[in-house]
Amino acid sequence: VETELMLVGKAAPCIYFRTRMGEDGAHAETYNLIVFDFSTPKKKHYHGLNLWKWKEEWPEGTRSYKNWALLASWAFPVPLNERIKIAVETKGPDIKVFYNDQLKGTVYDSDALAEGLVGICSCEGVNNFYTFSVRRD
């Protein structure tokens, strides 16, 4: 799953993947790869990629924030007002994360979500999306 996009100012566009919907039409569980830049003079290094997992319920002791658990984070400068690409590749419990065609990291999720829907979302600011593609091996 890949998208080419642009952050226009402070923003957090993302790819949703392996999304399973609940009976009410909202997602019941999903992964979310977010690229962002919320750096400020006081938070100089608040930018990069975050990989989140959302579930309705987590086992006791799981560190989560309102049903979201942070699986991984990569801090690096993200250019504003320039086209960039973010992508994920999944195979079973392995999730590979890419930024501008470069592998940023691989996450192993021992409680991997099943196959599901994919999509993009414009969150927390203005984002321009140029392409969105899904390839299935």
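**Strands, backbone angles and a nonpolar patch**

Arg-18 is found in strand S2, which covers residues 14-21, and this placement, like everything that follows, is read from a predicted model. Most residues other than glycine have a negative phi. Arg-18, however, has a positive phi, near 50 degrees, although this residue is not a glycine. Its relative accessibility is 10%, and because buried means under 20%, Arg-18 counts as buried.

A positive phi in a residue other than glycine is also found at Asn-100, where the value is about 50 degrees. Asn-100 lies in the loop between strand S7 (94-99) and strand S8 (102-108), and because its relative accessibility is 32%, between the 20% limit for buried and the 50% limit for exposed, Asn-100 counts as partly exposed.

Strand S1, made of residues 2-8, is mostly covered, with 5 of its 7 residues buried. S1 runs antiparallel to strand S6 (residues 83-91), to which 5 bridges join it, and in this pairing Leu-5 stands opposite Ile-84 of S6. S1 is also joined to strand S10 (residues 126-133) by 7 bridges, again in an antiparallel arrangement, and here Thr-3 stands opposite Phe-132 of S10.

Phe-132 leads on to the surface, where this residue, together with Val-118, Ile-120 and Val-134, makes a nonpolar patch of about 300 Å². Among these residues, Ile-120 is found in strand S9 (residues 117-121), and because its relative accessibility is 35%, Ile-120 counts as partly exposed. That value is also over the 30% required of patch residues, so Ile-120 meets the accessibility condition for a patch.

Definitions and conventions: Residues numbered from 1 in each chain as written. Predicted model: local features only at pLDDT ≥ 70, side-chain atom pairs only at ≥ 80, totals over all residues. Heavy atoms only, no water. Patch = residues over 30% accessible without salt bridge, like charges linked within 9 Å, V, L, I, M, F, W, Y side chains within 5 Å. Areas by Shrake-Rupley, 256 points an atom, 1.4 Å probe, with all protein chains shown as cover. Salt bridge = Lys/Arg side-chain N within 4 Å of Asp/Glu carboxyl O. Helix = DSSP H or I, 4+ residues; strand = E, 2+ residues; numbered from the N terminus. Buried < 20%, exposed > 50% of the residue type's maximum accessible area, 1.4 Å probe, protein only. Pairing = 2+ DSSP bridges.
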